[in-house]
Amino acid sequence: MDNIRNKCLGSLIGGAVGDALGYEVEFMSLSSIRKRFGNAGIRNYVLNSEGVANFSDDTQMTIFTAEGLLNAINDGIHQPKDIAPYISKAYEHWYFTQAYPPLAMSSSWLTHIKALWARRAPGNTCMIAMECITSPQARPVVNNSKGCGGVMRVAPIGIFAASHPDIINLTEAGTLAGYAAEITHKHPASTFSSMAMAMIVAECISLERVDRGNFKFIVIDRVFKLLGLTYNGDSELGVVKNLVIKALDLAQSDISDTEAIRQLGEGWIAEEALAIAIFSVMRHIDDFVECIVCAVNHDGDSDSTGAIAGNIIGAILGYEAIPRKYLGNLELHDVIVSVADDLSGFSSIEQMKERYDKHIPSGVAKELLIKN
C-alpha cells in the first residue's frame with residue numbers, strides 16, 4: 001500500500017477505532033471500567049446484537065467534516081474562510097441525522113447511509129449550536145464552550161493538507177480547523193486545540209517515520225511554534241501549549257498511564273482531550289493497541305480521547321498497523337475507508353464526481369442505504 005494512503009487510512013480509521021473502543025465506557029469511572037473488564041481495562045470492542053462495534057458522534061462529525069471540506073474543494077474553493085461555510089453546512093446535515101427521522105438529502109451523500117442517522121450521545125454544545133444555525137431565524141451561536149466537540153472532529157483537515165499541500169498548507173490547515181471548531185465552540189482554547197490537532201495529524205502523515213524525538217519536535221517546534229508566530233502572547237494558547245508540554249514530559253517519566261492522565265484531566269474540555277491523546281501517543285508511539293487502550297481507560301470522555309489518539313497514532317503507524325480484530329467489526333469500515341481515499345486523492349475521479357458533485361453514495365453497499 002502506498003505510504004501516504006496507508007497513513008491517511010490509518011488516521012481516519014484509527015480515530016473510529018479509538019472512538020468505538022471508548023464509546024462503551026464514555027460515562028464510566030476508571031474503577032467501574034476495571035470492575036467490568038478487569039484491571040487492564042477495556043481492550044476489545046463490546047459488540048451490538050448484530051456483531052458491530054458502534055462509534056459515537058465523534059466519528060459521525062469527523063466524516064461530515066470531510067464531506068464539507070471536499071464539497072468546497074469540488075467547487076474550486078481553497079481559502080479557509082471560504083471553506084468554513086461548507087463545513088458548517090455539513091454539520092447541518094449531521095444535525096438533521098441526530099434530530100429528525102432518516103431522509104436522504106440531495107446535497108449530502110453521507111445522509112443516504114442509514115447507520116449515520118443513529119443518535120450517538122451528541123454533545124449538547126454541538127446540538128444547541130446547530131439548532132441555532134438551522135432555525136428559521138438563523139440565530140447566532142453564543143457560548144463560551146471549550147468542550148472537546150471541536151477538536152475531536154478536525155482530523156480530515158490534516159489528512160487533506162498532508163495529501164494536498166499545494167492546495168492547503170500546514171498553516172492554512174490549522175486556520176481551517178480553528179474555523180471548523182468555532183462553528184459550534186466559541187472559546188479560544190477549543191480553537192487553538194483544534195488548530196494544533198489538524199496540524200499534528202498533517203505533520204505525522206507527511207513525515208515518513210515518527211519516533212518520540214520527532215513527534216515532540218512536530219508538536220512543539222513545528223505546530224506550536226507556528227501558532228506562536230501568529231498568536232504570540234495569547235494566554236489561551238499558552239494554556240493549551242503548557243498542558244501539551246506537561247503531557248509530553250509525563251510520557252517520558254516513570255509515572256503510570258492512569259496517574260499521568262489523572263494529572264492531565266478527564267478530557268471533557270478541548271485542551272485536556274488533546275493532552276491525553278498526545279500523552280498516549282508519546283508513551284506508546286510504536287504500538288497502536290496500547291496507545292488507544294491508554295487513551296480510553298480513565299475517568300472521563302473516553303470516546304473523544306480515544307478518537308483523537310487514534311487519529312494521531314494512525315497517522316504515525318498507518319492502517320496496516322491496526323490489528324484485524326479492530327477492523328472486521330468496525331461500523332461502516334468501508335465507508336470510512338472511502339472517505340479517507342477521497343481526502344487523500346486515491347478515489348477515482350468518477351467516484352469523486354458522484355459523491356461531491358451529484359451527492360450520490362457511489363460505491364456504498366445497497367443494504368447500507370436509506371430507502372426513501
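Start by selecting I278 in this predicted model and show whatever lies within 4.5 Å of it. Leaving aside residues up to four places away in sequence, I278 touches I200, F215, V219, V244, A247, L248 and I312. Keep those on screen as sticks.

Which residues have the most contacts inside the largest nonpolar core? I278 is one of them, along with I157, F215 and I312. Two of those names, F215 and I312, were already on your screen as residues that I278 touches. Add I157 to the selection, and you have a way into a core of 124 residues.

Next, color helix α8, residues 188-206. This helix gives the core its largest share, 12 residues. As a general point, nonpolar side chains tend to be buried together in soluble globular proteins.

Now switch to cartoon view for the whole chain. How many helices and strands are there? You'll count 16 helices and zero strands. The radius of gyration is 19 Å, close to the 21 Å that the globule rule gives for 372 residues, so the chain is as compact as a globular protein of that length. Turn it around: the C-alpha trace spans about 55 × 50 × 45 Å along its principal axes.

Try coloring by burial, and 59% of the 372 residues will show up as buried. Then put on a surface: it comes to about 14,200 Å², with 50% belonging to carbon and sulfur atoms.

Last stop, the charges. Select the 31 positive and 43 negative ones; their mean positions are 2 Å apart.

Technical notes. Residues numbered from 1 in each chain as written. Predicted model: local features only at pLDDT ≥ 70, side-chain atom pairs only at ≥ 80, totals over all residues. Heavy atoms only, no water. Helix = DSSP H or I, 4+ residues; strand = E, 2+ residues; numbered from the N terminus. Rg over C-alpha atoms; globule rule 2.2 N^0.38 Å. Buried < 20%, exposed > 50% of the residue type's maximum accessible area, 1.4 Å probe, protein only. Areas by Shrake-Rupley, 256 points an atom, 1.4 Å probe, with all protein chains shown as cover. Lys, Arg positive; Asp, Glu negative; His and termini not counted. Charge placed at Lys NZ, Arg CZ, Asp CG, Glu CD. Core = buried A, V, L, I, M, F, W, Y, C linked by side-chain atoms within 4.5 Å.
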